[in-house]
Amino acid sequence: MDLRYAPHPDDAKHYDTETLRRHFLMQDIFQPNEIVLTYSTVDRVVVGGVLPTTESVALTSPKEIGSPTFLARRELGVFNIGAPGRVVVDGTSHELGNRDAIYIGKDTADVRFESADPANPAKFYLMSTPAHARYETRVITQAQAKSMAVGDTATSNKRVIYQYILPGVCETSQLVMGLTQLEPGSMWNTMPAHSHGRRCEVYFYFDLADNARVFHLLGEPTETRHMVMKSDEVVISPSWSIHSGVGTSNYAFIWGMGGDNVDYTDMDWIPMETLR
C-alpha cells in the first residue's frame with residue numbers, strides 16, 4: 001500500500017510537474033493477481049485496483065488500515081471495467097459484468113476477487129472510505145443506476161452520468177460513486193468547474209486508446225494546474241480543489257467522493273471568470 005499525505009493549498013500551488021504527480025496521481029493499479037492500493041489522508045480514502053487472473057485474490061488489512069480486517073471500520077465500492085468476474089463477500093459470490101458495481105458494507109470479514117476466465121480477466125477498481133454504520137451489501141448494474149443525460153455537442157461535453165452508490169440507489173455511510181461516459185466528439189467533463197469543501201473527489205479515467213490522454217485540471221480556482229493522464233490512472237482532488245478535464249478523444253471515468261455528506265448536489269460552482 002502506498003501512503004499519500006494531504007497537501008495544503010499554499011504548498012500545492014508551488015509544486016512542479018513531478019511533485020504534483022507524486023502527490024495526486026496513482027498509476028499502474030492493475031497487476032496480475034495483486035491488489036494495488038493507495039491510502040490518502042485526504043478524507044482517509046483508499047483507492048486501487050485488482051486484476052485477478054489465475055488466482056482468487058483476497059483483500060487483506062495492511063498496517064495503514066489499523067484494523068484486524070480491511071472493512072472492520074470501512075465501506076467499499078467496487079466497479080468492474082473488464083471481462084466478467086465475481087466478488088465473494090463472506091462466502092457469498094456476486095457476479096459482476098462489465099460496468100457493474102458492488103457496494104460492500106462495514107464489518108464484512110472476507111472479500112475475494114476472481115475472474116470468470118483467467119485469460120480474459122476482470123478489472124476491479126476499488127474505493128473505500130471510513131464508515132460509522134453497516135449498510136446492505138448489494139450489486140448495482142448499469143441498468144439499475146440512476147442515469148442523467150447532460151451536456152451538448154456545441155460545448156463538446158455531451159455525456160451520461162450514471163449514479164450507482166448514493167442515496168436513492170444504494171445507501172452508504174459516506175461513500176458516493178458513479179460513472180460518466182462521454183459520447184464520441186465530446187471531450188470536456190465538469191466544466192464549468194466546481195468544488196465542494198465538505199468532500200474530496202477521486203477520478204479514475206479509463207476507456208482511452210494507448211495514444212490518447214486526458215488533461216485533468218486541479219488546484220484552487222485561481223491557481224489551477226493540469227496533469228496529463230493516460231487510461232487506467234487515478235487522480236485525487238482535495239476538498240479545496242476543482243476537478244475537471246478534457247481529453248484528446250472521448251473517454252469514461254469513475255468518480256468517487258468521501259467526506260461530510262452524501263448529497264450529490266452539494267457543489268460550490270466556480271464562475272468562469274474566476275478561473276486562472
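How many aromatic pairs does the count come to? The count comes to 11 aromatic pairs. Keep in mind that this is a predicted model. Here is a closer look at two of those pairs.

| Ring pair | Centre to centre | Angle between planes | Kind |
|---|---|---|---|
| Tyr 203 and Tyr 205 | 5.9 Å | 85° | edge-to-face |
| Phe 204 and Phe 206 | 5.6 Å | 15° | stacked |

Why does the phenylalanine pair count as stacked? The planes of Phe 204 and Phe 206 sit at 15°, and planes under 30 degrees apart go by that name. As for exposure, Tyr 203 and Tyr 205 are both buried. Phe 204 is buried too, at 0% relative accessibility, and Phe 206 is buried with a relative accessible area of 2%. Ring pairs also tie Phe 204 and Phe 206 into a cluster with Phe 30 and Tyr 125.

Two of those names come up again in the core. The largest nonpolar core holds 56 residues, and Phe 24, Tyr 125, Tyr 164, Phe 204 and Ile 254 are the ones with the most contacts inside it. Strand S18, residues 199-206, supplies the largest share of this core, with 6 residues. There's also a second, separate core of 21 residues, which includes Leu 37, Phe 70, Val 87 and Leu 126.

Now for Tyr 125 itself. Leaving aside residues up to four places away in sequence, Tyr 125 touches a whole list of others, among them Ile 29, Phe 30, Val 47, Phe 79, Met 177, Phe 204 and Ile 254. In S11, Tyr 125 is the bridge partner of Phe 79.

So how enclosed is strand S11? S11 covers residues 124-130, and 6 of its 7 residues are buried, so the rest of the structure largely encloses it. S11 pairs antiparallel with strand S4 (residues 46-50) over 5 bridges, and Val 46 stands opposite Ser 128 of S11. Strand S6 (residues 74-80) also runs antiparallel to S11, joined by 7 bridges.

Elsewhere, there's an open sheet to look for. Its 4 strands come in the order S16-S22-S19-S20, with antiparallel pairing. Strand S16 (188-189) and strand S20 (223-229) are the edge strands, each pairing on one side only. S16 is joined to strand S22 (residues 244-247) by 2 bridges, and Asn 189 has Gly 245 as its bridge partner in S22. Helix H2 (residues 17-24) lies across S20 and strand S19 (214-220), and runs at about 75° to S20.

How values were computed:
Residues are numbered from 1 along each chain as its sequence is written. This is a predicted model: local features need pLDDT of at least 70, side-chain atom pairs count only at pLDDT 80 or more; totals for chains, interfaces and linings use all residues. Side-chain values use heavy atoms; hydrogens and water are left out. A nonpolar core is a set of buried Ala, Val, Leu, Ile, Met, Phe, Trp, Tyr and Cys residues joined through side-chain atoms within 4.5 Å. Buried means under 20% relative accessible area, exposed over 50%, partly exposed in between (1.4 Å probe, protein chains only). Contact means heavy atoms within 4.5 Å. Two strands pair if DSSP finds at least two bridges between them. Axes are lines fitted to C-alpha atoms, for helices over the stretch in contact, and angles run from 0 to 180 degrees between N-to-C directions. Rings of Phe, Tyr and Trp (its six-membered ring) pair if their centres lie within 6.5 Å; planes under 30 degrees apart count as stacked, over 60 as edge-to-face and the rest as tilted.
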